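Me: Please take a close look at one part of this model for me. I would like the surface of the chain first, then the part itself.

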Amino acid sequence: MVTNPRPMSYQDLDYLWSLSKVGARSQLVAMSAVVIAFVTGLYVTLAHSIGLAITVCAIGCISFIMYVWAVLRPVWWIRVAKK
């Protein structure tokens, strides 16, 4: 039997929205752990050249900052629109 995957009420939409927020937060935590591990590994590997190590770490953190900006910007706009 085939079920209808579309939300049928506002409770369904609220439930989907809460799941989306949980997923985005979980992905943010996971990505931050990966970025920290990547940056510390590069810093240890490139410790003999401190200038290169700092440059690579800064470039590595830019992707994390861009992800946070891309995730939090729509959340901020939704909060502004609800007011």
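Reply: The chain exposes about 6,900 Å², and carbon and sulfur atoms supply 73% of that area. Accessible areas here come from the Shrake-Rupley method with a 1.4 Å probe, and for residues only the protein chains shown count as cover. This is a predicted model: local features need pLDDT of at least 70, side-chain atom pairs count only at pLDDT 80 or more, and totals for chains, interfaces and linings use all residues. Residues are numbered from 1 along each chain as its sequence is written, and side-chain values use heavy atoms, with hydrogens and water left out.

Of the 83 residues, 10% count as buried (under 20% relative accessible area; exposed is over 50%, partly exposed in between; 1.4 Å probe, protein chains only). The chain has 2 helices and 0 strands (DSSP runs numbered from the N terminus: helices are H or I, at least four residues; strands are E, at least two).

Now the close look: helix 1, residues 10-45. Leu19 sits in this helix. Leu19 is partly exposed, because its relative accessibility is 43%. Leu19 also joins Tyr10, Leu13, Tyr15 and Leu16 in a nonpolar surface patch, with about 570 Å² of accessible area together. Patch residues have over 30% relative accessible area and no salt bridge; nonpolar side chains (Val, Leu, Ile, Met, Phe, Trp, Tyr) are joined within 5 Å, like charges within 9 Å. A salt bridge is a side-chain nitrogen of Lys or Arg within 4 Å of a carboxyl oxygen of Asp or Glu.

Lys21 lies in helix 1 too. Its relative accessible area is 33%, so Lys21 is partly exposed. Lys21 and Val71 are 50 residues apart along the chain, yet their C-alpha atoms are separated by 9.8 Å.
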